[in-house]
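Biologist: Please take a close look at one part of this model, the pairing of the strands, and follow it with whatever can be said about enclosed space.

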Amino acid sequence: MSAPRDFWLSCGHHLLDRDEGGRLLVTDDFLKAYLARPELVPPPDACAAEQELHRALLRHPRRPVAAGQIEAIVDADARENWQMMIAWRDHLVRHRTLEAAYLAIIRRNVAFPQLFIGQLVQLILRNALDGCGDAFMLRAAELFFRPQKLMIEEASVLAIDEERGSFTGRHSASPLMALLGLPEASEVDVLNESTAGGYWERSDRFDMALDLAAGGRGLAALGDVIARWLAHLLAIEVEVEPVAELREVSWNWYVGLSSDATRIGDAIWHGDDLDEVARDQLIGLFRLTFCDPTYMIEKVRGEPVYLLLAITAGEALRLKPQNLISGLPIANAEAVN
């Protein structure tokens, strides 16, 4: 049997440890990787206070940082970056695992930059999908932490990484990608049976398009990722399957997987007719079923939950995986993790 292939090397998952349950544990090396970010590496003309803080954290990345140490930094932008970084570091090390840190952010509505949260989502998904041999699932998982642009081509609904901009555009490599010697992106290819084998070697380039057309592998793979996400984070087993028709759906509970999807779900809930624009925005519908209905609140116990996937008016897709944590009808949700 061949060994599982690695993917998403640039997220830094190899810098983390795991506990006995397979959850992610913060290490000093992982925290030091943040210090290599260009926003935090002091330029040659940085003040002495900033340079000393950076050196001290490189030696001991968990050391306490007093507010006065940051306030002593002359450059206002640098002060703001350090304030956010220390708040983020303190949040991560305050929780036993990265999964617990993420759940705390969602359940308590803690404000952090989307960049940091997206990186955390990627790390958790990398852990949850470890050993996955399905390139369609891995590409679908990218929707959780990387915004997409949609391109409609005949019967295809192609999701293309937003940073790619176009089929021939390029984006700069991250510091960690450069450190690992990973290549920059090339042209975008559509993921299909003939190109799937090349996903692993280019997974950090985010340069493969995923077809989200109804009845295709893309939507089915996204449903599988949603199920894996919930099993890993909440230890709840669910089945998620795409639904072809909105008609004759028992609309007892729904979750929008994006802001636009929530707006469309609200309209359906209130019995409003969807206009043509809203119908065009709705590109996916899933039926989620709890394998053990006792995890659900009594009001809808045993009923299916419907998940809506919608794009913006500008044909962008910005998935909000946190809605799956906060929006599902889970009994005693705070106790589930």
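Modeller: In β6, M208 is the bridge partner of D189. This is a predicted model, and the pairing described here is read from its coordinates. D189 belongs to strand β5, which covers residues 189-190 and is joined to β6 by two bridges. The two strands, β5 and β6, run parallel.

Strand β6, residues 208-211, also pairs with strand β4, residues 156-161. Here too the link consists of two bridges, but β4 and β6 run antiparallel. Within this pairing, L158 stands opposite D211 of β6. Strand β6 is thus joined to β5 in parallel and to β4 in antiparallel fashion.

As for enclosed space, one cavity reaches the cut-off of 30 Å³ or more. The volume of the largest cavity is about 50 Å³. Its lining is made up of L31, L35, L57, P61, M85, I86 and R89. Two elements, α1 (28-35) and α4 (76-94), each give two or more residues to this lining. The largest contribution is that of α4, with three residues. By class, six of the lining residues are nonpolar and one is charged, while no polar residue takes part. The charged one is R89, because Arg counts as charged.

Notes. Residues are numbered from 1 along each chain as its sequence is written. This is a predicted model: local features need pLDDT of at least 70, side-chain atom pairs count only at pLDDT 80 or more; totals for chains, interfaces and linings use all residues. Side-chain values use heavy atoms; hydrogens and water are left out. On a 1 Å grid over the protein atoms alone, a cavity is a set of points where a 1.4 Å probe fits but cannot get out, and a pocket is an open set with protein on both sides within 12 Å along at least five of seven lines; lining residues have an atom within 4 Å of a point. Grid points are joined across faces, edges and corners, and a volume is the space filled by probe spheres set on the points. Helices (H or I, at least four residues) and strands (E, at least two) are DSSP runs, numbered from the N terminus. Two strands pair if DSSP finds at least two bridges between them.
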